[in-house]
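Me: I am new to this structure and should like to learn how to read it. May we take its features one at a time, starting from a single residue?

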Amino acid sequence: MDLTDSQHLQQRTDADWMAAHWMPYTGNRDFKAKPRMMASASGAYYTMQDGKKVFDGLSGLWCAGLGHGRKEIAEAVGRQAATLDYSPAFQFGHPLSFELANKIVERMPAGLNRVFFTGSGSESADTSLKMARAYWRTKGQAGKTRLIGRVKGYHGVNFGGISVGGLVANRKLFGQGVEADHLQHTQPANGSFFRGMPPGEGPMGAALADELLAIINLHDASNIAAVIVEPFAGSAGVILPPQGYLQRLREICTAHNILLIFDEVITGFGRAGAWTGSEAFGVTPDILNIAKQVTNGAQPLGAVIAKQEIYDTFMAAGGPDYMLEFPHGYTYSAHPVCCAAGIASLNLLDSESAVQRVRELAPHFENAVHGLKGARHVADVRNFGLAAGITVSPLPGEPAKRPYQIAMAMLAKGFYVRYGGDTIQLAPPFISTRAEIDSLVSALGETFNATA
Ligand SMILES: Cc1ncc(COP(=O)(O)O)c(C=O)c1O
């Protein structure tokens, strides 16, 4: 078969042909029996192989807020691939990575100004954890190795990330990881229907952060390198920090000399109605991880952004100038084609005032999703910026089944939404209209009510 014959490929769904690709985070048997093949995408819509137009209710995987098929990004990628398709990531440089690093720093909270490039959110997570341990060792405190994550946290799929992560399904198959402790999650009880952040009072409020003190009491801060949290947890179904919670974590980390890492792979670059979740919630970490929206999903690229003092510590301890200060990096760190996509994407976020647009749309989105309260099976709704998680009351013994059924019924209606655990997740593109948000949520309400 001629593999360039895309029209021919568009028709193929035979089982033998599909067997070779072991698909990630997908029920392979279900997919290969009933394929859901995307053919193209433009703006806020996918077109599937059968010609069906589908609204992108999750911006791809939380990454394509500017919508699909953006000419400016496609042209930058094409130009760069033709000019310098690859440059050795180690011991050589190219101007685009420095340009992109500066553009990223301009959008970070004050003081976070040293950018280490990776190829994905998972690589950012593991890079940040290694950076934290190496930082303390470099400062002569080699005992500070313990890492603290959070129940329901998601930090990608590499060994460090799954160890600090707190979604058990992502860990239970894989045996021994990196030693880690976990703070409690901050998900309010079903039926809370908080709009935005839960209140700070009460045992499920800011006081939850004091649990970190108990972990410090157990291990002593002299053994703890870092705490890593998502400003709001995305993959577990949009779980917000209660008022004052992140501030309290910051205070405790500062008081005990523990690095605070924010995993902003979802919250970075607009989703939270600010450049970062750090900005949205008014708390600055020591290290901040990004990926996804930085290239609008058009190329794989992530980064870890550190305080200058962390960078300076490595430089000061680096030995002779020709020696490496941080023996870490990936073949595709700062890949020139990905950097080109990143620069074009950040330019578009600016020229289209996309972050401002998220802020303007957020109240409308909030009203729409909270209108789902009272629909059949809706146990809770949580939202922030242009992200929402809806907890689905479970079928006995099969908590993940109803969300799957709902997502498939939504697809039949022309809407892509994500199902994960016992939740449905929404993250529409920043370019969505109010009418599109209304149709998405109203189709979801009808689907909930029609589901057994
Ligand atoms: C907070 C967070 N960290 C890390 C990751 C992993 O990113 P990737 O899939 O690019 O490795 C994700 C992906 O959803 C994420 O939400």
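Reply: Certainly. The model is a predicted one, and a good starting point is Gly 161, which lies in helix α8 (residues 159-164).

Me: Is Gly 161 buried or exposed?

Reply: One counts the neighbouring C-beta atoms, and 20 or more within 10 Å make a residue buried. Gly 161 has 28 other C-beta atoms within 10 Å, so it is buried.

Me: Which residues does Gly 161 touch, leaving aside residues up to four places away in sequence?

Reply: Gly 161 touches Ser 122, Ala 125, Asp 126, His 155 and Gly 156. A related reading is the separation of residues that are distant along the chain: the C-alpha atoms of Gly 161 and Ser 128 are 9.7 Å from each other, with the two residues 33 apart in sequence.

Me: What surrounds the ligand?

Reply: The shell around the ligand holds 14 residues, and the closest are Ser 120, Gly 121, Ser 122, Gly 156 and Val 265. Ser 122 and Gly 156 are also among the contacts of Gly 161. Helix α7 (residues 121-138) gives the largest share of the shell, three residues. Sorted by class, the shell has seven polar, five nonpolar and two charged residues.

Me: How should I read a positive phi, and where does one occur?

Reply: Most residues other than glycine have a negative phi. Phe 269, although not a glycine, has a positive phi of about 70°. Its place is the loop between β8 (259-263) and α11 (277-281). Phe 269 counts as buried because it has 31 C-beta neighbours inside 10 Å.

Lys 292 is a further case, with a positive phi of about 40°. Lys 292 sits in the loop between β9 (287-290) and β10, and it is buried, with 28 other C-beta atoms within 10 Å.

Me: How are paired strands to be read?

Reply: Strands of a sheet pair through backbone hydrogen bonds, either parallel or antiparallel. Here strand β4 (residues 112-118) and strand β10 (residues 302-307) pair in the antiparallel sense over six bridges. Across this pairing, Phe 117 stands opposite Ala 303 in β10. As for burial, five of the seven residues of β4 are buried, and the strand is mostly covered.

Me: In what order do the strands of the open sheet of four run?

Reply: The order is β1-β2-β3-β13, and the pairing is mixed. β1 (38-42) and β13 (415-416) are the edge strands, each pairing on one side only. Within the sheet, strand β2 (residues 45-48) and strand β3 (residues 53-56) run antiparallel and are joined by three bridges. Thr 47 stands opposite Lys 53 in β3.

Me: Which residue could I examine in the loop between β2 and β3?

Reply: Gln 49 is placed in that loop. Gln 49 has 16 C-beta neighbours inside 10 Å and therefore counts as partly exposed. Beyond residues up to four places away in sequence, it touches Gln 10, Met 37 and Ala 39.

Me: How does one check the length of a helix?

Reply: One compares the span expected at 1.5 Å a residue with the distance between the end C-alpha atoms. For the 16 residues of helix α13 (residues 336-351), the expected span is 22 Å, and the end C-alpha atoms are 23 Å apart, which agrees.

Me: Why is α13 described as largely enclosed by the rest of the structure?

Reply: It is described in this way because twelve of its 16 residues are buried. Among them are Val 337, Cys 338, Ile 343, Leu 346 and Leu 349. The cover over the buried residues of α13 includes α5 (71-83), α6 (95-106) and α14. Just after α13, Ser 353 takes a positive phi of about 45°.

Me: Finally, how is the protein divided into domains?

Reply: The domain assignment gives domain 1 (36-66 + 353-450) and domain 2 (74-351). Their centres, taken over C-alpha atoms, are separated by 26 Å. The contact takes 32 residues from domain 1 and 29 residues from domain 2. On the side of domain 1 that touches domain 2, the elements giving two or more residues include α14 (354-370) and β11 (378-384). The largest share of that side, seven residues, comes from α14. By class, that side has 16 nonpolar, eleven polar and five charged residues.

Conventions. Residues are numbered from 1 along each chain as its sequence is written. This is a predicted model: local features need pLDDT of at least 70, side-chain atom pairs count only at pLDDT 80 or more; totals for chains, interfaces and linings use all residues. Domain bounds come from an automatic or database domain assignment. Two residues are in contact if their C-beta atoms, placed from the backbone, lie within 7 Å. Ala, Val, Leu, Ile, Met, Phe, Trp, Tyr, Cys and Pro count as nonpolar, Asp, Glu, Lys and Arg as charged, and the others, Gly among them, as polar. Two strands pair if DSSP finds at least two bridges between them. The expected span of a helix is 1.5 Å times one less than its number of residues. A residue is near a molecule or strand if its C-beta atom, placed from the backbone, lies within 6 Å of it.
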